[in-house]
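Got the viewer open? Set it to cartoon, keep the side chains at hand, and follow along stop by stop.

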Amino acid sequence: MIPVFISKCSSIAPDSTIVDDRMPAVEPDYRNIITDATLRRRMSRFVKMGVACGLDCIGETPANEIDAIITATGLGCLGDTEKFLDSIIVNNERLLNPTPFIQSTFNTVGGQLALIKAIHSYNVTYVHRGLSFESALIDAMLQVADGARNVLVGAVDEITTSSFDVQKRLGLLQNRPLGEGAQFFMLNGNKKEAIAICDVATFSNSIDFSVEIDKFLHRNNFKISDLDYILNGNETITHKFENLPVVDFKKQCGDYQTTTAFALYSAVQLVQNKNQCNVLIANTYQNINHSLILLRSVK
């Protein structure tokens with residue numbers, strides 16, 4: 001896969017504080033980012049997180065130079081979905097407010113970003129459970145390889161009381177707090193940028209993840225000894241990285257479907273001041289979805 005380069009990134013994430021098995025995101029003052037009060041009032045918390053993070057990442061990049069907006073989410077706009085379903089019951093299926101339904105579609109964040117910044121380009125949202133962000137990232141890399149100048153790619157997920165209760169009752173938390181957050185990245189093919197995403201790989205169901213890591217590194221002409229940091233979201237492979245700095249990034253953000261977006265943001269922060277650094281992000285979600293992301297920093 002042809003490497004792509006990260007020119008800017010933005011994040012809204014937890015601060016490692018755990019409250020009742022949840023790690024809520026620390027949100028900014030949205031009034032400073034989404035300046036239209038009427039628009040802001042109609043947005044759910046999920047949409048505000050995603051749109052604010054995306055707008056911050058876009059920054060001063062001209063709209064006509066952004067050739068794609070690619071978003072990802074694991075569960076989508078749960079708050080608006082729950083609000084609409086509750087209104088069906090409360091109002092006996094009559095006189096329903098359509099706004100929560102309209103705002104509950106998965107592509108709301110990508111659509112709002114395009115409307116606010118008047119970006120008339122490729123716009124798609126991936127909802128692939130624990131591989132949602134990786135799918136968006138692969139698409140973004142393909143867009144850059146196909147000539148796109150700048151591609152905005154990001155992910156957002158939220159905690160709601162109902163989703164937390166359901167996941168806890170089903171035993172899906174796996175002794176980790178439930179997290180949430182939004183991360184966006186501006187990607188391009190400019191080799192002058194310091195941090196490159198070299199490759200992304202995804203796997204599903206039962207695999208030998210340790211073997212797949214070796215195959216992944218081999219196809220990129222890497223050995224484990226070439227890695228400087230491991231951002232690990234799979235406790236079963238920690239032994240594979242003995243003698244290397246390993247960061248369990250889920251201790252910082254909790255566990256949710258698009259947690260690898262937080263891992264990628266953390267990797268950028270970790271290596272941006274290094275002269276040369278190789279980072280592997282390894283993640284598993286619910287023992288079903290597995291992914292690998294390889295970064296390289298060269299200044």
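A residue counts as buried when its relative accessible area is under 20%. Keep in mind that you are looking at a predicted model.

**Stop one: a cysteine.** Select Cys 57. Is Cys 57 buried or exposed? Its relative accessibility is 1%, so Cys 57 counts as buried. Now look for disulfides: the structure holds 0 of them. Cys 57 is in none, and the nearest cysteine sulfur, that of Cys 9, sits 6.8 Å away. A disulfide needs the two sulfur atoms within 2.5 Å.

**Stop two: another cysteine.** Jump to Cys 253, which is buried as well, with a relative accessible area of 0%. Why is there no bond from Cys 253 to Cys 53? Because the sulfur of Cys 53, the closest cysteine sulfur, is 14 Å from that of Cys 253, which is too far.

**Stop three: a covered strand.** Select residues 276–285, which form strand S11. How many of its 10 residues are buried? The count is 9, so the strand is mostly covered.

**Stop four: the neighbours of S11.** Add residues 229–233, strand S9. S9 and S11 run parallel and are joined by 5 bridges. To see one pairing, pick Leu 231 and find its bridge partner in S11, Ile 281. Next add S12, residues 289–298, which runs antiparallel to S11 with 10 bridges between them. Here you can pick Asn 283 and trace across to its bridge partner in S12, Ser 291.

**Last stop: the turn.** Zoom in on the hairpin of S11 and S12, where 3 residues lie between the strands. Click on Gln 286 there: its phi is positive, near 55 degrees.

How values were computed: Residues numbered from 1 in each chain as written. Predicted model: local features only at pLDDT ≥ 70, side-chain atom pairs only at ≥ 80, totals over all residues. Heavy atoms only, no water. Buried < 20%, exposed > 50% of the residue type's maximum accessible area, 1.4 Å probe, protein only. Helix = DSSP H or I, 4+ residues; strand = E, 2+ residues; numbered from the N terminus. Pairing = 2+ DSSP bridges.
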